[in-house]
Amino acid sequence: MKTETLPTPDRVATFEANRRRLWQIAYRMLGSRAEADDIVQDAYLRWHAAPLEDVHTPQAWLVTTVTRLAIDRLRQLRVERELYVGPWLPEPLVSEAAPAADHAAELASELSVAFLALLERLAPEERAAFLLHEFFDAGYGEIAQALGKNEAACRQIVSRARKRIRVDRPRIPVSRERVNALLERFLSAVHAYDQKAVLALLAPDATWTTDGGGKVRAALRVLKGAERVAKFAIGVARKFQAGVEYRPADVNGEPGFVLLRDGEVESVMSVRTDGLRILEVHVIRNPDKLRRVRIGAAPVTT
(Lines give C-alpha, C1' and ligand atoms only; values in the text may rest on other atoms or scores of the structure.)
Protein backbone atom coordinates (compact mmCIF):
# COMPACT_ATOMS: atom_id res chain seq x y z
CA MET A 1 0.00 0.00 0.00
CA LYS A 2 1.40 3.38 -1.02
CA THR A 3 2.11 5.88 1.77
CA GLU A 4 0.29 9.16 1.15
CA THR A 5 2.35 12.35 1.33
CA LEU A 6 1.70 16.04 0.94
CA PRO A 7 2.41 17.44 -2.54
CA THR A 8 5.91 18.92 -2.75
CA PRO A 9 4.78 22.54 -3.43
CA ASP A 10 2.53 22.42 -0.36
CA ARG A 11 5.34 21.03 1.79
CA VAL A 12 7.75 23.73 0.63
CA ALA A 13 5.25 26.52 1.30
CA THR A 14 4.36 25.15 4.73
CA PHE A 15 7.99 24.80 5.76
CA GLU A 16 8.95 28.26 4.53
CA ALA A 17 6.05 29.76 6.48
CA ASN A 18 7.54 28.23 9.65
CA ARG A 19 11.27 28.52 8.84
CA ARG A 20 11.92 31.67 10.86
CA ARG A 21 10.24 30.28 13.98
CA LEU A 22 12.14 27.00 13.64
CA TRP A 23 15.48 28.80 13.28
CA GLN A 24 14.70 30.97 16.29
CA ILE A 25 14.09 27.89 18.42
CA ALA A 26 17.25 26.15 17.20
CA TYR A 27 19.50 29.17 17.72
CA ARG A 28 18.22 29.85 21.23
CA MET A 29 18.67 26.18 22.08
CA LEU A 30 22.22 25.88 20.72
CA GLY A 31 23.70 29.41 20.68
CA SER A 32 25.21 28.81 17.25
CA ARG A 33 24.11 30.06 13.85
CA ALA A 34 25.79 27.17 12.05
CA GLU A 35 24.23 24.58 14.35
CA ALA A 36 20.80 26.22 13.96
CA ASP A 37 21.17 26.13 10.17
CA ASP A 38 22.02 22.42 10.30
CA ILE A 39 19.06 21.61 12.54
CA VAL A 40 16.62 23.45 10.28
CA GLN A 41 18.04 21.75 7.20
CA ASP A 42 17.71 18.35 8.85
CA ALA A 43 14.12 19.14 9.78
CA TYR A 44 13.45 20.21 6.19
CA LEU A 45 14.61 16.85 4.85
CA ARG A 46 12.60 14.93 7.45
CA TRP A 47 9.54 17.04 6.68
CA HIS A 48 9.66 16.12 3.00
CA ALA A 49 9.98 12.43 3.84
CA ALA A 50 7.28 12.29 6.55
CA PRO A 51 4.15 10.22 5.72
CA LEU A 52 0.97 12.26 5.73
CA GLU A 53 -0.61 10.16 8.46
CA ASP A 54 2.19 11.24 10.84
CA VAL A 55 1.43 14.93 10.34
CA HIS A 56 -1.70 16.05 12.17
CA THR A 57 -0.72 19.71 12.55
CA PRO A 58 2.19 20.85 10.37
CA GLN A 59 3.50 23.57 12.71
CA ALA A 60 3.37 21.29 15.74
CA TRP A 61 5.14 18.52 13.80
CA LEU A 62 7.88 20.90 12.69
CA VAL A 63 8.37 22.45 16.14
CA THR A 64 8.49 18.99 17.71
CA THR A 65 11.05 17.79 15.17
CA VAL A 66 13.32 20.83 15.55
CA THR A 67 13.05 20.71 19.34
CA ARG A 68 13.99 17.04 19.53
CA LEU A 69 16.86 17.49 17.07
CA ALA A 70 18.13 20.47 19.08
CA ILE A 71 17.89 18.56 22.37
CA ASP A 72 19.88 15.67 20.92
CA ARG A 73 22.50 18.01 19.49
CA LEU A 74 22.73 19.99 22.73
CA ARG A 75 23.44 16.79 24.64
CA GLN A 76 26.34 16.14 22.28
CA LEU A 77 27.56 19.72 22.56
CA ARG A 78 27.51 19.53 26.36
CA VAL A 79 30.24 16.91 26.17
CA GLU A 80 32.23 19.02 23.68
CA ARG A 81 31.84 22.17 25.77
CA GLU A 82 33.27 20.43 28.81
CA LEU A 83 36.52 20.30 26.84
CA TYR A 84 36.18 23.87 25.55
CA VAL A 85 39.19 26.07 26.34
CA GLY A 86 38.08 28.92 28.59
CA PRO A 87 34.54 30.28 29.04
CA TRP A 88 31.93 29.54 26.36
CA LEU A 89 29.73 32.29 24.91
CA PRO A 90 27.21 32.03 22.05
CA GLU A 91 27.99 32.92 18.46
CA PRO A 92 26.78 36.53 18.18
CA LEU A 93 24.18 38.01 15.86
CA VAL A 94 25.58 41.39 14.86
CA SER A 95 24.40 44.31 12.76
CA GLU A 96 25.12 48.03 12.70
CA ALA A 97 21.44 48.93 12.71
CA ALA A 98 19.34 48.63 15.86
CA PRO A 99 16.14 46.55 15.73
CA ALA A 100 12.79 48.29 15.43
CA ALA A 101 11.71 49.95 18.65
CA ASP A 102 8.70 47.64 19.08
CA HIS A 103 10.99 44.62 18.70
CA ALA A 104 14.00 45.75 20.74
CA ALA A 105 12.74 44.92 24.24
CA GLU A 106 11.65 41.44 23.14
CA LEU A 107 15.05 40.72 21.59
CA ALA A 108 16.98 42.04 24.57
CA SER A 109 15.08 39.81 26.99
CA GLU A 110 15.36 36.56 25.04
CA LEU A 111 18.39 36.90 22.79
CA SER A 112 21.14 38.74 24.65
CA VAL A 113 24.56 37.15 25.00
CA ALA A 114 24.17 37.23 28.78
CA PHE A 115 20.80 35.45 28.65
CA LEU A 116 21.93 32.75 26.22
CA ALA A 117 25.01 32.11 28.36
CA LEU A 118 22.74 31.78 31.40
CA LEU A 119 20.61 29.19 29.59
CA GLU A 120 23.67 26.93 29.53
CA ARG A 121 22.91 26.17 33.18
CA LEU A 122 19.69 24.39 32.20
CA ALA A 123 19.53 20.77 31.13
CA PRO A 124 18.56 20.32 27.45
CA GLU A 125 14.91 19.41 28.12
CA GLU A 126 14.58 22.22 30.69
CA ARG A 127 15.97 24.68 28.17
CA ALA A 128 13.58 23.52 25.46
CA ALA A 129 10.50 23.60 27.69
CA PHE A 130 11.40 27.01 29.14
CA LEU A 131 12.05 28.61 25.74
CA LEU A 132 8.94 27.15 24.11
CA HIS A 133 6.68 28.29 26.94
CA GLU A 134 8.20 31.66 27.82
CA PHE A 135 9.15 32.97 24.37
CA PHE A 136 7.26 30.99 21.75
CA ASP A 137 3.84 30.93 23.45
CA ALA A 138 3.66 27.14 23.33
CA GLY A 139 1.03 25.51 25.52
CA TYR A 140 1.88 22.62 27.80
CA GLY A 141 0.21 20.23 25.39
CA GLU A 142 2.53 21.30 22.58
CA ILE A 143 5.55 21.13 24.89
CA ALA A 144 4.51 17.66 26.07
CA GLN A 145 4.37 16.50 22.44
CA ALA A 146 7.80 17.99 21.70
CA LEU A 147 9.43 16.40 24.75
CA GLY A 148 7.49 13.14 24.76
CA LYS A 149 6.27 13.75 28.33
CA ASN A 150 2.91 14.40 29.98
CA GLU A 151 1.65 17.92 30.61
CA ALA A 152 2.07 17.73 34.39
CA ALA A 153 5.75 16.87 34.01
CA CYS A 154 6.21 19.73 31.55
CA ARG A 155 4.63 22.18 33.98
CA GLN A 156 7.14 21.12 36.62
CA ILE A 157 10.05 21.39 34.18
CA VAL A 158 9.06 24.93 33.12
CA SER A 159 8.46 26.01 36.71
CA ARG A 160 11.84 24.68 37.83
CA ALA A 161 13.64 26.33 34.93
CA ARG A 162 11.85 29.65 35.47
CA LYS A 163 12.84 29.70 39.13
CA ARG A 164 16.49 28.95 38.32
CA ILE A 165 16.64 31.68 35.70
CA ARG A 166 14.98 34.31 37.88
CA VAL A 167 17.11 33.50 40.92
CA ASP A 168 20.35 33.56 38.93
CA ARG A 169 19.46 36.59 36.83
CA PRO A 170 16.57 38.85 37.82
CA ARG A 171 15.32 40.75 34.78
CA ILE A 172 16.18 44.45 34.82
CA PRO A 173 14.62 46.43 31.95
CA VAL A 174 17.03 49.14 30.75
CA SER A 175 16.58 51.48 27.79
CA ARG A 176 18.92 51.23 24.81
CA GLU A 177 19.88 54.87 25.30
CA ARG A 178 21.08 54.21 28.84
CA VAL A 179 23.03 51.12 27.80
CA ASN A 180 24.66 53.05 24.96
CA ALA A 181 25.63 55.87 27.30
CA LEU A 182 27.17 53.49 29.84
CA LEU A 183 29.10 51.63 27.14
CA GLU A 184 30.52 54.82 25.68
CA ARG A 185 31.53 56.16 29.09
CA PHE A 186 33.10 52.82 29.97
CA LEU A 187 35.19 52.63 26.79
CA SER A 188 36.25 56.27 27.13
CA ALA A 189 37.41 55.67 30.70
CA VAL A 190 39.26 52.48 29.73
CA HIS A 191 41.05 54.19 26.83
CA ALA A 192 42.00 57.07 29.10
CA TYR A 193 43.47 54.51 31.56
CA ASP A 194 41.31 56.14 34.22
CA GLN A 195 40.83 53.38 36.76
CA LYS A 196 38.78 55.53 39.11
CA ALA A 197 36.31 56.37 36.34
CA VAL A 198 36.14 52.72 35.24
CA LEU A 199 35.45 51.56 38.79
CA ALA A 200 32.66 54.10 39.11
CA LEU A 201 30.89 52.45 36.17
CA LEU A 202 31.24 48.88 37.44
CA ALA A 203 29.11 47.09 40.02
CA PRO A 204 31.23 45.80 42.95
CA ASP A 205 30.66 42.19 41.83
CA ALA A 206 31.04 42.90 38.10
CA THR A 207 32.39 40.12 35.88
CA TRP A 208 34.34 40.00 32.62
CA THR A 209 33.96 36.92 30.39
CA THR A 210 36.09 36.38 27.29
CA ASP A 211 35.51 33.57 24.81
CA GLY A 212 38.68 32.84 22.84
CA GLY A 213 38.08 29.13 22.44
CA GLY A 214 41.81 28.45 22.71
CA LYS A 215 42.26 30.05 19.27
CA VAL A 216 43.39 33.53 20.36
CA ARG A 217 44.73 35.27 23.47
CA ALA A 218 41.97 35.49 26.07
CA ALA A 219 41.40 35.20 29.81
CA LEU A 220 40.83 31.52 30.60
CA ARG A 221 38.53 32.22 33.54
CA VAL A 222 35.73 34.61 34.29
CA LEU A 223 37.17 37.66 36.07
CA LYS A 224 35.15 38.62 39.14
CA GLY A 225 35.05 41.88 41.06
CA ALA A 226 35.23 45.49 39.91
CA GLU A 227 38.90 45.91 40.84
CA ARG A 228 40.01 42.90 38.78
CA VAL A 229 37.79 43.84 35.84
CA ALA A 230 39.01 47.44 35.79
CA LYS A 231 42.65 46.44 36.04
CA PHE A 232 42.27 43.85 33.29
CA ALA A 233 40.40 46.18 30.92
CA ILE A 234 42.95 48.95 31.28
CA GLY A 235 45.82 46.49 30.97
CA VAL A 236 44.41 45.15 27.69
CA ALA A 237 43.89 48.69 26.39
CA ARG A 238 47.47 49.69 27.18
CA LYS A 239 48.89 46.71 25.30
CA PHE A 240 46.53 46.25 22.39
CA GLN A 241 44.36 49.30 21.67
CA ALA A 242 46.73 50.83 19.09
CA GLY A 243 45.20 50.37 15.65
CA VAL A 244 41.85 49.14 16.99
CA GLU A 245 38.60 50.72 15.82
CA TYR A 246 35.47 50.44 17.98
CA ARG A 247 32.32 50.34 15.89
CA PRO A 248 28.91 50.63 17.64
CA ALA A 249 26.69 47.69 16.73
CA ASP A 250 23.62 45.76 17.70
CA VAL A 251 24.70 42.53 19.39
CA ASN A 252 21.92 40.00 19.89
CA GLY A 253 19.32 42.71 20.18
CA GLU A 254 21.32 44.95 22.53
CA PRO A 255 23.82 47.79 22.11
CA GLY A 256 27.41 46.64 21.84
CA PHE A 257 30.65 47.16 19.95
CA VAL A 258 32.56 45.40 17.22
CA LEU A 259 36.35 45.76 17.52
CA LEU A 260 38.17 45.98 14.19
CA ARG A 261 41.89 45.74 13.57
CA ASP A 262 43.08 46.61 10.07
CA GLY A 263 39.48 46.32 8.91
CA GLU A 264 39.09 42.76 10.23
CA VAL A 265 36.70 41.81 13.05
CA GLU A 266 38.75 40.98 16.13
CA SER A 267 36.06 40.74 18.78
CA VAL A 268 32.47 41.57 19.72
CA MET A 269 31.57 43.15 23.05
CA SER A 270 28.28 43.43 24.92
CA VAL A 271 27.34 44.17 28.51
CA ARG A 272 24.60 43.53 31.04
CA THR A 273 23.66 46.51 33.17
CA ASP A 274 21.10 47.61 35.73
CA GLY A 275 21.01 51.04 34.09
CA LEU A 276 23.41 52.57 36.59
CA ARG A 277 26.45 50.32 36.47
CA ILE A 278 27.82 47.52 34.36
CA LEU A 279 27.18 44.09 35.86
CA GLU A 280 28.78 41.87 33.21
CA VAL A 281 31.07 42.34 30.24
CA HIS A 282 31.06 39.69 27.49
CA VAL A 283 33.75 39.62 24.82
CA ILE A 284 33.65 37.08 22.01
CA ARG A 285 37.07 36.61 20.37
CA ASN A 286 36.92 33.06 19.05
CA PRO A 287 37.46 33.59 15.30
CA ASP A 288 35.22 30.62 14.50
CA LYS A 289 32.32 32.58 16.01
CA LEU A 290 33.15 35.82 14.20
CA ARG A 291 33.24 34.55 10.62
CA ARG A 292 29.70 35.70 9.87
CA VAL A 293 30.04 39.10 11.51
CA ARG A 294 29.75 41.70 8.77
CA ILE A 295 29.70 45.41 9.38
CA GLY A 296 26.85 46.82 7.36
CA ALA A 297 24.67 43.73 7.84
CA ALA A 298 20.90 43.98 8.03
CA PRO A 299 19.22 44.55 11.44
CA VAL A 300 18.74 41.49 13.64
CA THR A 301 15.17 40.26 13.17
CA THR A 302 15.40 36.74 14.56
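User: How is the packing of two helices such as H3 and H6 to be read, and in which hand does H3 pass H6?

Analyst: Two packed helices are characterised by the angle between their axes and by the distance separating those axes. In this predicted model, H3 passes H6 in a right-handed crossing. The two helices pack at an angle of about 140 degrees, and their axes are 9 Å apart.

User: Which residues of H3 and H6 meet?

Analyst: From H3, the participants are Val 63, Thr 67, Ile 71, Leu 74, Arg 75 and Arg 78. They meet Pro 124, Glu 125, Arg 127, Ala 128 and Leu 132 of H6.

User: How many residues has the largest nonpolar core, and which of them have the most contacts inside it?

Analyst: This core has 48 residues, and Met 29, Leu 119, Ile 143 and Leu 147 have the most contacts inside it. The elements giving two or more residues to the core are H1 (8-30), H2 (33-49), H3 (58-82), H5 (113-119), H6 (124-135), H7 (140-147) and H8 (151-168). H3 supplies the largest share, nine residues. Apart from this core lies another, of 27 residues, among them Leu 182, Phe 186, Val 229 and Ala 230.

User: With which residues is Ile 143 in contact, leaving aside its neighbours within four places in sequence?

Analyst: With that restriction, Ile 143 is in contact with Ala 129, Leu 132, His 133, Ala 138, Cys 154 and Val 158.

User: How should the sheet be read, and what is the order of its strands?

Analyst: Strands of a sheet pair through backbone hydrogen bonds, in either a parallel or an antiparallel sense. Here seven strands form an open sheet with mixed pairing, in the order E1-E4-E5-E6-E7-E2-E3. E1 (94-95) and E3 (223-224) stand at the edges with a single partner strand each, so one side of each has no neighbour in the sheet. E1 pairs with E4 (residues 244-251) in the antiparallel sense over two bridges; the bridge partner of Val 94 in E4 is Val 251.

User: Which strands does helix H9 touch, and across which strands does helix H11 lie?

Analyst: H9 (residues 176-191) packs on the sheet, touching E2, E4, E5, E6 and E7, and its direction makes about 35 degrees with that of E5. H11 (residues 226-240) lies across E2, E3, E4 and E5, running at about 50 degrees to E2.

User: What share of the residues of the chain counts as buried?

Analyst: Of the 302 residues, 49% count as buried. The accessible surface of the chain comes to about 14,700 Å², of which 51% belongs to carbon and sulfur atoms.

Key
Residues numbered from 1 in each chain as written. Predicted model: local features only at pLDDT ≥ 70, side-chain atom pairs only at ≥ 80, totals over all residues. Heavy atoms only, no water. Pairing = 2+ DSSP bridges. Helix = DSSP H or I, 4+ residues; strand = E, 2+ residues; numbered from the N terminus. Contact = heavy atoms within 4.5 Å. Axes fitted to C-alpha atoms, helices over the stretch in contact; angles between N-to-C directions. Buried < 20%, exposed > 50% of the residue type's maximum accessible area, 1.4 Å probe, protein only. Areas by Shrake-Rupley, 256 points an atom, 1.4 Å probe, with all protein chains shown as cover. Core = buried A, V, L, I, M, F, W, Y, C linked by side-chain atoms within 4.5 Å. Left-handed = near helix turned anticlockwise from the far one by under 90°.
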